[in-house]
Amino acid sequence: MLENNGPPASGTDPAGDRLSRLSAASLRINESLDFDTVLQGVLDSARSLTAARYGVMTLLDEAGGVQHFLSSGMTGEEAGQLWLTPDRWELFESLTGISEPVRVPDLVEHVRALGFTEFSIPLPVAVFRFMASPMLHRGARVGHVFVGDREDGEEFTREDEEILAMFAAQAALVIANASTHREERRARAGLETLIDTSPVGVVVFDVRTGAPASFNREARRIVDSLRDEGQAPEDLLGLLSVRRADGSEVSLREFPLARVLVSSETVRAEEIVMGVPDGRSVTVLLNATPIRSDDGEVESVVVSMQDMAPLEEQERVRAEFLGMVSHELRAPLTSIKGSAATVLDSALDIDPAVLRQFFRIIGDQADHMHRLVSDLLDVARIETGTLAISPEPAEVAALVGRARSAFASTGGRNRLEVDIAPDLPLVLADRRHIVQVLGSLLSNAARPPPGSAVTRGSAGEEGGPGSSVIRVSAVEDGVHVVVSVADEGRGIPAESLPHLFRKFSGVQSEKQREDTGLGLAICKGIVESHGGRIWAESDGPGLGARFTFTLPTVDDAASAVRSGHSRAPARSLRQGREATGEQVRVLALADDPQDLRYVRDTLVQSGYVPTVTGDPEEALRFMEEERPHLVLLDIMLPGTDGIELMGDMLEVADVPVIFLSAYGRDELIARALNMGAADYVGKPFSPTELSARIAAALRRREVPESQGPYMVGDLTIDYAERRVALTGRLVHLLPMEYRLLTELSASAGRVLTYEYLLDRVWGERGGGDLRPMRTIVRKLRRKLGDDAANPTYIFTEPRVGYRMPKSQTVETGES
């Protein structure tokens, strides 16, 4: 805070002295362009110029509402009480409606005269002298400066009023410049982030030197595939040779890059091969655009290059797919043709038993062709988002039982050990498709390890000698039921795990290649269409594998009654809003009009009220005005980083955000989830999957109906109002901090494991990084004044998790 080292501002101050102090204050607030620094400097200088003990500044948004509220000379508690003054919006409107400076001897009397009869000042003063001045920039009000209670106890003078008005006019210009600087920095940072995270490599070359001025992450990755360890990218340029589409080849050792660039040739979508002397090469699709100065000289060249390896891999997979389909169709057709020809061409009577065998071969091969065609159709429907899923309440035990019977009837001989918790809630499942998933996982688990002998038992007998054990388990985990199928078979190499659920991933064993190679891809599509997830775990080859998937639970009180639970019925956001006649509002933002129409129709059919837009600025305004209960957000928007936009949205309202992504890069999805996203949906998606994921995200925000505010010591958490207070003072929490705190307090008295919290708060399963969680806990403790060594609110259970003590309101109710 700036000190007032000059004499008190009074009517006896010489005009020259006032102007000198005003000039000095103006210079101070012009020293920085940092927005927050400028705001604090303006307010402190206003107090110093008028010898005021307290100061408040408000900045207005385009609609005239208070966008920023800043105080000086007050404690945090005093500022909080002032901000929470009853009828504060009407009061601010009255005080900020001024177009000229205002000076009153007693603020309390002045405000009560305006009709706010209950108004009082939360400050230790008997009479609060008050003065205010608007800040005008280009004729428009951008904010106001308020000062109060002169340090000498006297009233403010006309000279004080004049100097405050002159300073406010200068401050408005400085704040406008700082705001413009901030927006430019944000735009530049957004553009840099967009370029750096682009899947296309971008390099900017300086024409004079031929050296790269900048390059993004993808360009660095492409270059790293060619350069030796420790070799600088600039050194690599001298060794590169470039073969163009017309067959011509340029060696940069013989023809310096600066001479190539100065030719100012514009290249559009040309496929070139870059190579180094040891034979390594990479094929890219290249664009080059010269950037010219005002006088027409080429200053730099922007080169974008797309690595063709993924496209070449896609082409290889397509060729393998055509070969697989041709082989799979040709083999049964050959058997059918051969059997039919034998029967038809035989000159002698065929023994009836032999004839039946030929017919059995024809029937079996026709069934095999039917399964292949069905798999191909399922994959096509999954990829186009048209797979028909009809979920309804179902018992997990019944689904496992049907899959077990089907497995045994098709020749499965492995011993099955089923471990299903007796009090599982019902799940929302399409019975036929989930039994198909379980059957596929059981068949996959039944494949024997290399070199093992398989002994066939009699029909219907499980677990013949030499057969391995398959374990099927199911447990409740929050709003999902987790189903696992584990085997003791071949196991899976760690490097193959991320590719298992892709079509024809190339990681199957020879035994696995006896089927179409589509089974796990179909399982993934079916599970995700239910709003669940599927993943695989293995300790390595020969050590078995575990496949796990989740299904959403049925959200009604009947499941709790059926399972014998005594817990209070939970009300979802959607149920709660419908009970009060208010529907659930969903905001959707995407740049593709066709995507927006599809999402809007899906939301309407699912009973939600959609608001759709393709403009990020408009979306932020809708967040303010409409207050949606959930946001659907495209992760890649032109000119905007979707993840950063989510951060801006969460500052307005803490609501679940689900990303819509056709961008498939795991690091982007992980970054989105770490930054607070509730979930993501890969494009294309079915209406059923989108609706299921929205319902699951809303269920995670459930609060038991009977659960009142959480109170322990000085801490109060009001779930209904989503407010946290400490000794009556509001505590400002970021969305992720509030989410973790409510998760712990809602389960007060119980230890929540790290794994459980990672799943519930961050949406991660199994082996997630604990560092973000520990960082959030440290921040929470600091904001709550909690000592980790001697905690009052958040207790650490070493190597297990965290817990909070039971609420005092609960304990009182139980006594």
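This is a short walk through two sheets, two nonpolar cores and a few helix contacts in a predicted model.

Some ground rules before the details. Residues are numbered from 1 along each chain as its sequence is written, and side-chain values use heavy atoms, with hydrogens and water left out. Because the model is predicted, local features need pLDDT of at least 70 and side-chain atom pairs count only at pLDDT 80 or more, while totals for chains, interfaces and linings use all residues. Helices (H or I, at least four residues) and strands (E, at least two) are DSSP runs, numbered from the N terminus.

I'll take the N-terminal sheet to begin with. It is open, has five strands in the order β2-β1-β5-β4-β3, and pairs antiparallel; two strands pair if DSSP finds at least two bridges between them. β2 (66–72) and β3 (102–104) each have a single partner strand, so one side of each is left without a neighbour in the sheet. From one strand to the next the twist averages 15°; axes here are lines fitted to C-alpha atoms, for helices over the stretch in contact, and angles run from 0 to 180 degrees between N-to-C directions.

Now look at β5, residues 140–150. Eight of its eleven residues are buried, meaning under 20% relative accessible area, against over 50% for exposed and in between for partly exposed (1.4 Å probe, protein chains only). On one side, seven bridges pair β5 with β1 (residues 52–60), and Leu-59 stands opposite Gly-143. Eight bridges join β5 to β4 (residues 130–137); Met-135 has Gly-143 as its bridge partner, and Pro-134 has His-144. The hairpin of β4 and β5 has two residues between the strands, and Arg-138 there takes a positive phi near 55°.

Which helix lies across β1, β2, β3, β4 and β5? That is α6 (residues 158–196), running at about 40° to β4. Contact, throughout, means heavy atoms within 4.5 Å.

On to the other sheet. Its five strands have the order β14-β16-β17-β19-β18, with mixed pairing, and β14 (415–420) and β18 (534–537) are the edge strands. Inside it, β17 (residues 480–487) and β19 (residues 545–552) run antiparallel and are joined by eight bridges. The bridge partner of His-480 in β19 is Pro-552.

The largest nonpolar core has 42 residues, and Leu-438, Phe-547 and Phe-549 touch the most other members. A core here is a set of buried Ala, Val, Leu, Ile, Met, Phe, Trp, Tyr and Cys residues joined through side-chain atoms within 4.5 Å. Helix α13 (431–445) is among the elements that give two or more residues, and α13 gives the most, with seven. Leaving aside neighbours within four places in sequence, the contacts of Phe-547 include Leu-441, Val-485, Phe-501 and Trp-535. Apart from this core lies another, of 29 residues, among them Ile-776 and Met-804.

Last, a helix pair. α17 (residues 593–605) and α21 (residues 687–699) pack at about 65°, with their axes 10 Å apart. The contact is made by Tyr-598, Val-599, Thr-602 and Leu-603 of α17 with Pro-687, Leu-690 and Ile-694 of α21.

One residue to finish: is Ser-339 buried or exposed? Ser-339, in helix α10 (residues 309–345), is buried, with a relative accessible area of 4%. Beyond its neighbours within four places in sequence, Ser-339 is in contact with Phe-358, Ile-361 and Ile-362.
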